[in-house]
Amino acid sequence: RMAAAPPSYCFVAFPPCSKDGLVVFGKNSARPRDEVQEVVYFAAAAHDPGSKVECTYIEIEQVPKTHAVVLSRPSWLWGAEMGANEHGVCVANEAIVTREPASESEALLGMDLVRLGLERGATAKEALDVIVALLEEHGQGGNYYEDGNSCHTFQSAFLIVDRNEAWVLETSGKYWAAEKITEGVKCICNQLSLTTKIDAEHPELRSYVRSQGWWNGDSDFNFSEVFSLGEDHLACCSGRESLEKQGGDVSAQAMIDVLRDKDSGVCVDSESFLTTASIVSVLPQDPSFPCVHYFTGTPDPSRSIFKPFIFVDDVKLVPKVQSPSFGNDDPAKKIPRFQEKPDRRHELYKAHEWARSLLENDQDKGQKLMRIMLDLEKQGLEAMEDILTRTEVLDPAEVVDLFYDCVDTELKFFK
């Protein structure tokens, strides 16, 4: 039996489940416990004809123009676990296991496809089209973990969201199916979830599965049943009920609360895996309002705080949540790969490690620190609420340092 996929959770809530005409998106990224995630911003850019882009394992053709993106990513790879672009598109991925073994040959990783979709798609549907075209052209494969001893490979699922709609995209090799969502709450986790409601698919999907003997062509085509190993696809998202219970009030705070919930299993803290970073995005359906993206940049959302980021020109970079760069000396870039593991911790991660040990070893001081932290987070949430409810247009100068200042304040508290 193949290795279990890391149990990440992705959510989206649309009106009428979410409040005030907002689309709310969230993800907990479950990864190997000691992996560091960084939060990085790349400005929009124009590229010369014929130029290439170096992804985690392979080089592909670059496009003439890439959008500005903010990403939360394991710092050894090129792509991302989750992120957003300047057009209010958010993408997150899930590693999944299907009856088709995932390829060990180095190709695009699911995480590379997250970033490529964001850099090249101005709407959720455009990002979906980008991802499936690249999947067709280059395939997916290669090690999901920074591990020189064994190759961990998975297929990919994606939640792709913009101000108007979301797409759940599930893949196996280059084959795929997708469902469009415009209302209610949707959760995806590390299992297939698409059944018979399929709004777009690989043109040869059905003939392929018939040729494999996985579907006879007579019964309803059920993607999860056809591609799952055994009865895997039945149980999924425990967090969905908590969001549905909000009854029309899903807000950034409600999404954060769901991501922090260890009892439901949404916040993973197990022997093998930890929620190493989290994101919550608020996308107003009215395009005259800005989208707000909250990142932790540190592990375990129940002990981290969500800090807001808004896209504006010349947004201030935040080196304190960026891991050190090792350039071409990076063991992830040398063949054979991952022969050693450099220290990838960024400044916020190191400070957070200290705070976590305080929480574990000195209850009183730890509790006090956590209260200060949550108060800081609340101030950020309230300031953003104000921006999303006022009538005058946002002055970019007001938020150009927003994420930088939040990280800086958090670091000061730790010191």
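**Exercise 1. Helix packing**

H1 passes H2 in a right-handed crossing. The model is a predicted one. Find the angle at which H1 and H2 pack, and classify their mutual orientation.

*Solution.*
Step 1. Locate the helices: H1 spans residues 110-120 and H2 spans residues 124-138.
Step 2. Take the geometry. Two packed helices are described by the angle between their axes and the distance between the axes. Here the angle is about 130°, and the axes lie 8 Å apart.
Step 3. Classify. Angles over 145 degrees count as roughly antiparallel, and 65 to 115 as roughly perpendicular. H1 and H2 are therefore oblique to each other.

**Exercise 2. The H1–H2 contact**

List the residues of H1 that meet H2, and sort the contact residues by character.

*Solution.*
Step 1. From H1, take Leu113, Leu116, Gly117 and Arg120.
Step 2. Their counterparts in H2 are Glu126, Ala127, Val130, Ile131, Leu134 and Leu135.
Step 3. Sort them. The contact of H1 with H2 has seven nonpolar residues, one polar and two charged. Gly counts as polar.

**Exercise 3. Cysteines**

How many disulfides does the structure hold, and why is cysteine 55 not bonded to cysteine 151?

*Solution.*
Step 1. Count: there are zero disulfides.
Step 2. Check the distance. The cysteine sulfur closest to that of cysteine 55 belongs to cysteine 151, 17 Å away. A disulfide needs the two sulfur atoms within 2.5 Å, so 17 Å is too far for a bond.
Step 3. Compare accessibility. Cysteine 55 is buried, at 3% relative accessible area. Cysteine 151 is partly exposed, at 31%.

Key: Residues numbered from 1 in each chain as written. Predicted model: local features only at pLDDT ≥ 70, side-chain atom pairs only at ≥ 80, totals over all residues. Heavy atoms only, no water. Buried < 20%, exposed > 50% of the residue type's maximum accessible area, 1.4 Å probe, protein only. Axes fitted to C-alpha atoms, helices over the stretch in contact; angles between N-to-C directions. Helix = DSSP H or I, 4+ residues; strand = E, 2+ residues; numbered from the N terminus. Parallel < 35°, antiparallel > 145°, perpendicular 65-115°, else oblique. Left-handed = near helix turned anticlockwise from the far one by under 90°. Contact = heavy atoms within 4.5 Å.
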